[in-house]
Amino acid sequence: LARHALPAALPAAPGSVLYHDDVAQALSFSPAEAEALLDIGGWLPGEDGIRQKGRERLELTLVVPGDNAVRVALAEQLAEALGNLGMAVTVRRLPWDGYLEALNQGEFDLYLGEVRMTADFDPSVLMAPGGALNYGGYAGAEALEALEKFRAASGQARTLAAKNLYRRLAEDPPFAVLCFKNW
């Protein structure tokens, strides 16, 4: 992103007191670890290199707004990285209205989007039932409980609540953070 963004693994800016490097480090992408986890999960490379479990192939659809060249290029890079792990990823470049329709209809496995977080880095829009960007319908009870504790906390308690929330999200992730733009 031409140095216009900082890599991030958590839904808080890397310079924020809410950003916990130890939790973020645990979420760092490792192709070797990803391959090992896929193997453990029974997703083994087929003759064509695409992973499969029994007769099911690991095929994903990634939707992206096609009117944004930067997002399309990023989606293609993500598809290539996942392809290197043995996943068949189809990037669907859609006009804005078609993109929103695909999200609202659940016609995707992954989507690339830009989220403008509130100043308190509350991820409710991404994960709470009825959240404006919770297109996947995430409803993990433990994570939602951790979210409520995070939202209710203040001061140092909020920092600890954020860490607990991020740890829970790492176990059952409804979204993945790629970066935070530099403004």
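Helix α7 of this predicted model has 17 residues, and at 1.5 Å a residue it should span 24 Å; its end C-alpha atoms lie 25 Å apart, which agrees with that expectation. The helix covers residues 155-171. Its buried residues are Arg158, Thr159, Ala161, Ala162, Lys163, Leu165, Tyr166, Arg168 and Leu169. These buried residues pack against three other helices, namely α1, α5 and α6.

The helices just named also meet in the largest nonpolar core of the chain. That core holds 26 residues, of which Leu18, Met127, Leu147, Phe150, Leu165 and Tyr166 touch the most other members. Two or more residues of the core come from each of α1 (21-26), α5 (124-127), α6 (141-152) and α7 (155-171). A second core, separate from this one, comprises 17 residues, including Ala34, Leu58, Ala75 and Leu82. In soluble globular proteins, nonpolar side chains tend to be buried together.

Met127 offers a detailed view of the larger core. Leaving aside residues up to four places away in sequence, Met127 touches Asn134, Tyr138, Ala143, Leu144, Leu147, Leu165, Leu169, Pro174 and Phe175. Among these partners, Leu165 and Leu169 are buried residues of α7, and Leu147 is, like Met127 itself, one of the core residues that touch the most other members.

Attention may now turn to the strands. The chain has eight strands in total, alongside seven helices. Three of the strands form an open sheet in the order β2-β3-β4, with antiparallel pairing. Strands β2 (44-45) and β4 (56-57) stand at the edges with a single partner strand each, so one side of each has no neighbour in the sheet. Strand β3, made of residues 51-53, pairs with β4 in the antiparallel sense over two bridges. Within this pairing, Gln52 stands opposite Arg57 in β4.

The chain as a whole can then be considered. For 183 residues, a compact globule would have a radius of gyration near 16 Å; the chain has 17 Å, which agrees. The C-alpha trace spans about 55 × 40 × 35 Å along its principal axes. Of the contacts with a separation of 6 or more, 63% are between residues 24 or more positions apart. Buried residues make up 38% of the chain. The chain exposes about 11000 Å², and carbon and sulfur atoms supply 53% of that area.

Definitions and conventions: Residues numbered from 1 in each chain as written. Predicted model: local features only at pLDDT ≥ 70, side-chain atom pairs only at ≥ 80, totals over all residues. Heavy atoms only, no water. Pairing = 2+ DSSP bridges. Helix = DSSP H or I, 4+ residues; strand = E, 2+ residues; numbered from the N terminus. Core = buried A, V, L, I, M, F, W, Y, C linked by side-chain atoms within 4.5 Å. Buried < 20%, exposed > 50% of the residue type's maximum accessible area, 1.4 Å probe, protein only. Contact = heavy atoms within 4.5 Å. Expected span 1.5 Å × (residues − 1). Rg over C-alpha atoms; globule rule 2.2 N^0.38 Å. Areas by Shrake-Rupley, 256 points an atom, 1.4 Å probe, with all protein chains shown as cover.
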